[in-house]
Amino acid sequence: MKKAIILAIIYSVICIGFKLAVFYGGILEQPIGRLSHLITLALILPFVVLTMYLVKKENGGTIGGKEAVKQGLTFVTFAAGIMIAFDYVFFITPLDID
């Protein structure tokens, strides 16, 4: 479970960096900017596969279905929680700069 959480944090940092680069780079109206949410969503698949591979390697080459689902859901839950928190802070809460 520790590997899934670490990979979720790595995934979230990469996605947050990408979103910040798109936002502050001024490319929101270009195709990559319009598709940035879909790109970060598609990027989750390689990380889930990597999580399964690392758990399989740790368990001697086999992984049960129940363990695979547990690891995958742990990764997705933590990554989604981090990304939701970032989106809320960055896009929803107004800046009160007076």
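Is Lys 19 buried or exposed at its computed relative accessibility? Lys 19 is buried, at 7% relative accessibility; buried means under 20% relative accessible area, exposed over 50%, and partly exposed in between, with a 1.4 Å probe and protein chains only.

The model is predicted: local features need pLDDT of at least 70, side-chain atom pairs count only at pLDDT 80 or more, and totals for chains, interfaces and linings use all residues. Residues are numbered from 1 along each chain as its sequence is written, and side-chain values use heavy atoms, with hydrogens and water left out.

**Exercise 1.** Identify the salt-bridge partner of Lys 19 and place both residues in the chain.

*Solution.* Step 1: the side chain of Lys 19 forms a salt bridge with that of Asp 87, at 3.3 Å from N to O. The term requires a side-chain nitrogen of Lys or Arg within 4 Å of a carboxyl oxygen of Asp or Glu. Step 2: Asp 87 belongs to helix 5 (residues 65–92) and Lys 19 to helix 1, so the pair links distant parts of the chain, 68 residues apart. Helices are DSSP runs of H or I with at least four residues, numbered from the N terminus. Step 3: Asp 87 is partly exposed, with a relative accessible area of 23%.

**Exercise 2.** State how many salt bridges the rule yields, and describe the one made by Lys 3.

*Solution.* Step 1: the count is two. Step 2: Lys 3 pairs with Glu 58 at 3.4 Å, N to O. Step 3: Lys 3 is in helix 1 (residues 2–24) and Glu 58 in helix 4 (residues 44–58), so this bridge ties together parts that are 55 residues apart in sequence. Step 4: Lys 3 is partly exposed at 33% relative accessibility, whereas Glu 58 is exposed, with a relative accessible area of 54%.

**Exercise 3.** Describe how helix 4 and helix 5 cross.

*Solution.* Step 1: their axes, lines fitted to C-alpha atoms over the stretch in contact, come within 10 Å and cross at roughly 135 degrees. Angles run from 0 to 180 degrees between N-to-C directions. Step 2: helix 4 and helix 5 are therefore oblique to each other; angles under 35 degrees count as roughly parallel, over 145 as roughly antiparallel, 65 to 115 as roughly perpendicular and the rest as oblique.

**Exercise 4.** Determine the surroundings of Ser 12.

*Solution.* Step 1: Ser 12 lies in helix 1 and is buried, at 1% relative accessibility. Step 2: leaving aside neighbours within four places in sequence, Ser 12 is in contact (heavy atoms within 4.5 Å) with Ala 79, Ile 82 and Met 83.

Note on methods: Helices (H or I, at least four residues) and strands (E, at least two) are DSSP runs, numbered from the N terminus.
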